[in-house]
Amino acid sequence: MKLIAINRKAGEPIKSIHSIELYPDSAPVQSGKPVFLPDWGGNVGFKAVLCPAYRIGRLGKSIGERFAPRYRDAVTLTARLYPSNSPITPEIARPDIVKAWEGSVILGKWQPIGDDGRFILAPQADPSLRLGVTPEGIDIDGMIAAVSAVMTLKMGDIIIPCYLDTPMSLAIDDVIRYRLNDVDDTLIMKIK
């Protein structure tokens, strides 16, 4: 399994091939499991950005954008964690260690993709803060095409096409819960 993230905000174009990042298979942890912030982060603190993630359901290389919907079979909500002094932007080079530690990506519970591909996310603490997301808005099909031009996609690979909102600061003992499509506890971040 490959975990592939495109380092861009939703709605922005992919700026270069250097915007595609590979995470080691030790980086993701399942939602609800504790995430221990690494000591090497020091006093700078850590932040997280929420991201949609799509699971690839079939083998493909050089996939045309119009055929990309055939290759994604599930969606979830993820969080990418990083030190506060290393913001997630394509313009700033950061060492690979930032994405290599266990817990740098928290994977939520997978859900089937609806007929129109839309989904709604909201913090469980305040479900009225709903955010609707469309495949076109995050350009998942364009991102599948861009990634498959560089590497073969296999069943079980995960693509994180963008991040959705401004980063949130994290503190020890935080427990942050999000729902996706009205499914409670889709993503639970337990920070230790």
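In which sense do strand S9 and strand S13 pair, and over how many bridges? Strand S9, residues 119–123, and strand S13, residues 175–180, pair in the antiparallel sense, over 3 bridges. One residue pair to look at is Ala122, whose bridge partner in S13 is Arg179. As a reminder, strands of a sheet pair through backbone hydrogen bonds, either parallel or antiparallel.

Before I go on, please keep in mind that this is a predicted model. The average pLDDT of the protein is 86, and 91% of the residues score at least 70. The stretch to be careful with is residues 89–93, where the pLDDT is below 50. Beyond near neighbours in sequence, that stretch has 8 contacts in the model. Where pLDDT is low, the predicted coordinates should not be read in detail.

Back to the sheet. S9 and S13 belong to an open sheet of 5 strands, and its order is S4-S14-S13-S9-S10. The pairing in this sheet is mixed. At the edges are strand S4, residues 34–35, and strand S10, residues 131–133, and each of these pairs on one side only.

Strand S14, residues 183–191, holds Asp185. Asp185 is not a glycine, yet its phi is positive, about 55°. Ser62 is another residue other than glycine with a positive phi, in this case near 50°. Ser62 sits in the loop between S5 and S6, and with 52% relative accessibility it counts as exposed. For context, most residues other than glycine have a negative phi.

Next, Gln111. This residue is in strand S8, residues 111–112. Is Gln111 buried or exposed? Gln111 has a relative accessible area of 9%, so it is buried. The side chain of Gln111 makes a polar contact of 3.3 Å with the side chain of Thr186. Not counting residues up to four places away in sequence, Gln111 touches Ala74, Val75, Leu180, Asn181, Val183 and Thr186.

Now helix H3. The helix spans residues 140–148, and 8 of its 9 residues are buried. Those buried residues are Ile140, Asp141, Gly142, Met143, Ile144, Ala145, Val147 and Ser148. What covers them? The cover of the buried residues of H3 includes helix H2 (135–138) and several strands, among them S1 (3–6), S2 (20–23), S5 (46–56), S6 (72–83) and S11 (158–160).

Within H3, take Met143, which is buried because its relative accessibility is 3%. Leaving aside neighbours within four places in sequence, Met143 is in contact with Ile6, Arg8, Ile14, Ile138 and Pro161. Met143 and Asp173 are 30 residues apart in sequence, and their C-alpha atoms are 35 Å apart in space.

Last, the cysteines. How many disulfides does the structure hold? The count is 0. Why is Cys51 not bonded to Cys162? Cys162 has the closest cysteine sulfur to that of Cys51, but the two are 7.0 Å apart, which is too far for a bond. The cut-off here is 2.5 Å between the sulfur atoms. From the other side, Cys162 is in no disulfide, and its nearest cysteine sulfur is that of Cys51. Both cysteines are out of the solvent: Cys51 is buried, with a relative accessible area of 0%, and Cys162 also counts as buried, at 0% relative accessibility.

Conventions
Residues numbered from 1 in each chain as written. Predicted model: local features only at pLDDT ≥ 70, side-chain atom pairs only at ≥ 80, totals over all residues. Heavy atoms only, no water. Buried < 20%, exposed > 50% of the residue type's maximum accessible area, 1.4 Å probe, protein only. Pairing = 2+ DSSP bridges. Helix = DSSP H or I, 4+ residues; strand = E, 2+ residues; numbered from the N terminus. Polar contact = N/O pair within 3.5 Å; in protein donor to acceptor, adjacent residues only side chain to side chain. Contact = heavy atoms within 4.5 Å. pLDDT = per-residue confidence, 0-100.
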